[in-house]
Amino acid sequence: MYVGSEVLRAEPVGPDVVRYVLKLERRLGSSPGQFVMVWVPRVGEVALSVAREEGREIHLLVARKGRVTGFMHDNVREGWRLYVRGPLGRGFAVAKGTALLVGGGVGVAPLIHLCAALKGAGARVVAAIGLRSADYRALAEDLASCADEAHVATEDGSLGIRGTAVDVAEALLSERHFDFVYVCGKEAMMRQVIELAMARGVRVEASLERLVKCGIGVCGACVLEPLGLRVCADGPAFDGDTLTRAGDFGRWWHDAAGRRVPLQP
Amino acid sequence: MVRLVDLRVELAGLELRNPVVVASGPLGVSLGLMKRAEEAGAAAITLKTATLRPREGHPNPVVYELPYGLLNSMGLPNPGAEEMGRLISEAKAVMRVPLIASVAAQSPREAEEVAERLRGADALELNASCPHVRGLGAELMDDPQLVADIVSALRSFGRPVFVKLSAHGDWIGVASRALGAGASGLVAINTLKAMAIDVRAKCPVLGGVYGGLSGPAIHPVAVRVVYELHREFPDVPIIGVGGVETWVEAAELILAGATAVGVATALRRGFHVIGEIVEGLRAYVAGEGLASIRELVGAAHR
Ligand SMILES: Cc1cc2nc3c(=O)[nH]c(=O)nc-3n(C[C@H](O)[C@H](O)[C@H](O)COP(=O)(O)OP(=O)(O)OC[C@H]3O[C@@H](n4cnc5c(N)ncnc54)[C@H](O)[C@@H]3O)c2cc1C
Ligand SMILES: Cc1cc2nc3c(=O)[nH]c(=O)nc-3n(C[C@H](O)[C@H](O)[C@H](O)COP(=O)(O)O)c2cc1C
Ligand code: FES
């Protein structure tokens, strides 16, 4: 059963990313790292991280990918009705101490929600954000303003340092002590950040994406082999230890028919 | 103290360590998930239904959760028989519990081609009952002769053949023809034809429009179908499926005449439900002062 919602705002935060602010009929009650399935009637349904939840309002950051996200970008404006089911999946463990949040592009979405929860729990938060260019400045804003300290890197050097979120994370992890690292972005990037953290004995969690169909763990579409981890139900947040044993991580994806195909870079 | 009880059952030649098997569907096409189900206590695993060619299934939304059950319209997504066969070979190397491969086909020839590729499995199940894919599945319920012909074709692989029935149509008639053609057992039931419309969006919810209802809502229907099948065919092993969430529903299907029970929707709560159902049955059998669960099969008829 869906919770109905009205789109309060649909604002571009980069060339192909839109922030949707939805007002739900009732409170969602998500924890950071959980996601929702968003149904656009007559079009389709996609998995999206809850980027922020305040009262009955939630934020979603949506990158244009294919059919449904493309339709949303082209058509879904203020006043539209969207239908939401969730919260789904298992989110991040909210730890105390000092946390490093590493986000690449739209991967900042679950980290914004996490940042608010960490701050609420009394943690100190440092953010390392990687963007393609300064055109995505607005995408980084919410995480940057929530964190105690934020560092931005862009591929072309048009904002912050020239480089990637991994470069920033590596520098920070070499300089100081962190109690926890959280990462969300491309899997190649997450893999590197996990290695950096684990090499220093720092606990790390990453949030993954796979093709999600049911979203409730009953169809197997989103599985990570060889451990049989369902991204929608056992994740999407997993700890670094688990992911180093999940061979598919960073390598394989299952398509709609369940065939193993290489992960898109 | 719980008395030692024997939960083992025999199902058309398959030796099961207990009566709880995973029904076709929830584990998708994943060896990792099959292993998790085995570790959780499952006595056999039914694979996702395979078709000759790969199928992507229906577009999202593919499920709709209700307070009393689940609607799904997966549309039989699967990588095709060839790939499923590879998964079975891999699985046979590392798993100890029997594997039941599920086949969907429109003709005996096609069924043979699918089964040929799945012959590593310990048994075959003909899916004659998927309610949301046109031409594959439930339509077979209207054509008992075709079911019989497909069963004969599947028999040539020397494995037990089960026929998975729908609660729609003349399931007694279909079962009778299938058994006449050499089927070794029956599986009942698949999901019930259903659909949902969102009252505010004013359109069907499921991407495939039609779906199948599973979970607690269909349990009494499953009990009735299993009860009548057992009355009609008392010597035929039945896997009772439909709304098994705890040992109570499992026991009910066994009393109605099922030798084993299948679980699908209950797995949304986690794999631990398998172990809970097994342990619940163990305590039930002990509490009834019986030595073996086999004494309960069909006991409601006596
Ligand atoms: C838990 C979770 C949270 C998510 N959170 C967000 C979020 O906050 N913001 C956001 O923008 N997106 C998020 N996504 C991703 C989002 O769900 C997809 O981008 C979306 O479903 C695409 O739908 P579409 O109809 O637009 O694209 P489609 O028309 O479905 O096209 C996408 C195609 O690309 C394939 N594909 C996609 N990625 C890969 C890959 N890495 N390797 C191989 N094939 C691939 C798909 O299988 C599909 O065929 C999340 C996904 C998950 C699982
Ligand atoms: C998500 C999902 C996928 C399913 N896929 C199949 C399938 O591929 N083949 C099949 O014969 N039955 C399939 N089924 C039906 C189940 O095997 C089972 O018969 C039905 O769900 C009733 O049992 P339950 O109430 O325990 O779920 C599926 C059910 C669900 C919920
Ligand atoms: S999408 Fe169905 S199990 Fe995860």
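Which residues of strand β10 (residues 185-188) of chain B point one way, and which the other way? B:Gly185 and B:Val187 take one direction and B:Leu186 and B:Ala188 the other, and all are buried (under 20% relative accessible area; over 50% is exposed and in between is partly exposed, with a 1.4 Å probe and protein chains only). Some notes on this and the rest follow.

1. Ground rules. This is a predicted model, where local features need pLDDT of at least 70 and side-chain atom pairs count only at pLDDT 80 or more, while totals for chains, interfaces and linings use all residues. Residues are numbered from 1 along each chain as its sequence is written, chains are lettered from A and ligands numbered from 1 in the order in which they are written, and side-chain values use heavy atoms, leaving out hydrogens and water.

2. Strand pairing in chain B. Strand β9 (residues 161-165) runs parallel to β10(B), and the two pair over four bridges (strands pair if DSSP finds at least two bridges between them; strands are DSSP runs of E with at least two residues, helices are runs of H or I with at least four, and both are numbered from the N terminus). Opposite B:Val187 in β10(B) you'll find B:Lys164.

3. Ligand 2. That same B:Lys164 is one of the closest of the 23 residues surrounding ligand 2, along with B:Ser24, B:Thr49, B:Gly243 and B:Thr265 (a residue is near if one of its heavy atoms lies within 4 Å). Chains A and B both supply surrounding residues, so the site is shared between chains. A polar side-chain atom of B:Lys164 sits 2.7 Å from a ligand 2 oxygen (a polar contact is a pair of N or O atoms within 3.5 Å). Backbone atoms join in too: a polar one of B:Ile189 is 3.0 Å from an oxygen of ligand 2, and an N or O of B:Gly215 is 2.8 Å from one. Taken alone, ligand 2 exposes 610 Å², of which the protein buries 97% (Shrake-Rupley areas with a 1.4 Å probe).

4. Ligand 1. Here the shell has 24 residues, with A:Ala47, A:Leu61, A:Ala63, A:Val68 and A:Thr69 the closest. Backbone polar atoms of A:Arg67 and of A:Val68 each lie 2.8 Å from a ligand oxygen, and a polar side-chain atom of A:Trp253 is 3.2 Å from one. On its own ligand 1 exposes 990 Å², and the protein buries 79% of that. Elements giving two or more residues to this shell are β4 (44-49), β6 (57-63) and α1 (67-75) of chain A; β4(A) has the largest share, with four residues. By class, the shell holds 16 nonpolar, four polar and four charged residues (Ala, Val, Leu, Ile, Met, Phe, Trp, Tyr, Cys and Pro count as nonpolar, Asp, Glu, Lys and Arg as charged, and the others, Gly among them, as polar).

5. Cysteines. There is one disulfide over all chains (cysteine sulfur atoms within 2.5 Å). A:Cys115 and A:Cys146 form it, S to S 2.3 Å, and the link is left-handed, with -105° about the S-S bond. A:Cys115 is in helix α2 (residues 108-120) and A:Cys146 in helix α3 (residues 137-146) of chain A, 31 residues apart. Both are buried. A:Cys184 is in no disulfide, and the nearest cysteine sulfur, on A:Cys115, is 14 Å away. A:Cys184 counts as buried because its relative accessibility is 8%.

6. A long-range pair. B:Ala291, in the segment after α8 (272-287) of chain B, is 285 residues from B:Asp6 in sequence but 6.1 Å away in space, C-alpha to C-alpha. With a relative accessible area of 42%, B:Ala291 is partly exposed.

Notes
Polar contact = N/O pair within 3.5 Å; in protein donor to acceptor, adjacent residues only side chain to side chain.
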